[in-house]
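Biologist: Please take a close look at the backbone in the loops of this model, and then at any enclosed space. I would like one connected account that I can follow with the structure in front of me.

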Amino acid sequence: MIRTLHLWIVLMVFCGLASCDSNQVDRPPNPKHGSDQTHNESERSRIATQIDELSDDEEANPWELSGLFEGDMLLDPHSARNGILNDTMRWPNATVPYYVEDDDFTDEQELIILRAIKEYHKKTCIKFRPYHRSDTNWVVFRSNGTGCWSSVGMQSEGQTVNLQSPGCVKHGVVIHELLHALGFFHQQSAANRDDYVRINWENIDPGHEHNFNKYNDSVVTSYGVEYDYGSIMHYSGKAFSKNQKPTIEALQPNVTLGQRKGLSEKDITKLDQMYEGRCEQRPDLEDAESPGFLDHFNSLLGLLSNNMLPSMLP
């Protein structure tokens with residue numbers, strides 16, 4: 001409560017008492033999707049430890065270790081084949097209302113989340129804005145669950161993007177999980193993946209073979225964009241390996257499978273094509289960032305400015 005009050009006071013300084021929208025501090029109800037723990041206690045402990053101990057230099061990605069469908073996708077077992085071609089799972093006007101659970105993150109971590117959002121604002125037509133009490137669908141960033149995970153596409157009555165701390169509150173991880181929330185499966189799930197990679201089934205940890213399923217063209221589409229080895233949505237080469245040998249090998253030479261730095265050019269192209277019509281319907285298309293988001297971002301910068309954290313500044 002004290003931290004929230006402090007943030008609100010600084011927000012007043014940045015945007016002015018007369019112009020600030022009080023809805024910016026609206027707290028959404030518990031999201032319908034992702035509110036409950038997804039594993040038993042022993043499994044949560046194992047996953048949390050694995051992610052905590054994963055260094056930035058390792059090939060494995062944190063989201064591959066989160067213990068859900070394909071590692072980090074929160075799906076209803078009966079709708080596991082719903083995909084990005086399902087138009088009802090796309091966000092209206094290409095706008096995503098969001099809320100960051102203050103008590104789950106430090107100011108520095110919250111700024112990491114907002115900087116990931118800024119990458120979407122800078123490179124795509126997608127817009128994120130703070131949750132308003134009138135919203136019926138929204139994303140809540142939390143850290144009270146184990147692992148890094150998200151639902152795929154827009155879900156009704158709220159959904160969680162879980163970012164375990166430590167381990168998941170990193171720029172590339174936030175980018176990856178938000179792409180799930182916007183409607184993307186993993187790249188190696190593409191129908192044409194066998195033209196680009198070889199799946200070494202013999203090296204996959206027994207019981208995890210389903211993580212390498214591929215979907216036909218009635219479920220997912222590449223929007224005419226060539227297979228992307230460098231997508232932030234691509235598994236690493238040894239994902240779910242039982243013996244530290246590759247589970248995925250590129251059929252083209254001198255390529256790296258996946259990365260966790262940010263959106264690839266092909267990620268951007270596909271996302272803009274997915275939301276092209278909805279972006280055009282938005283009346284404020286030319287405004288890359290909503291005033292509410294900028295107020296939120298600037299208020300955090302104000303809180304952190306006295307600590308002199310140049311690596312955190314935009």
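Modeller: Helices and strands are here DSSP runs, a helix (H or I) having at least four residues and a strand (E) at least two, and they are numbered from the N terminus. With that in hand, and keeping in mind that this is a predicted model, we can begin in the loop between β6 (159–163) and α4 (171–182), where Pro-166 is found. The peptide bond that leads from Ser-165 to Pro-166 is cis, its omega being near 0 degrees. Most peptide bonds are trans, and most residues other than glycine have a negative phi. Glu-157, placed in the loop between β5 (148–151) and β6, is not a glycine, yet has a positive phi of about 65 degrees. Phe-240, in the loop between β7 (197–199) and β8 (248–250), likewise has a positive phi, near 60 degrees, and is a residue other than glycine. Their surroundings can be read from the accessible area: Glu-157 counts as partly exposed because its relative value is 47%, which lies between the cut-offs of 20% and 50%, whereas Phe-240 counts as buried because its relative value is 15%, under the 20% limit.

As for enclosed space, the count comes to one cavity of 30 Å³ or more, and the largest cavity has a volume of about 30 Å³. Its lining is made up of Leu-54, Ser-55, Asp-56, Pro-62, Lys-170, Val-173 and Arg-260, and by class these comprise three nonpolar, one polar and three charged residues.

Notes. Residues numbered from 1 in each chain as written. Predicted model: local features only at pLDDT ≥ 70, side-chain atom pairs only at ≥ 80, totals over all residues. Heavy atoms only, no water. 1 Å grid on protein atoms, 1.4 Å probe; cavity = no way out; pocket = protein on both sides within 12 Å on 5 of 7 lines; lining within 4 Å. Points joined across faces, edges and corners; volume = space filled by probe spheres on them. Nonpolar A, V, L, I, M, F, W, Y, C, P; charged D, E, K, R; others polar. Buried < 20%, exposed > 50% of the residue type's maximum accessible area, 1.4 Å probe, protein only.
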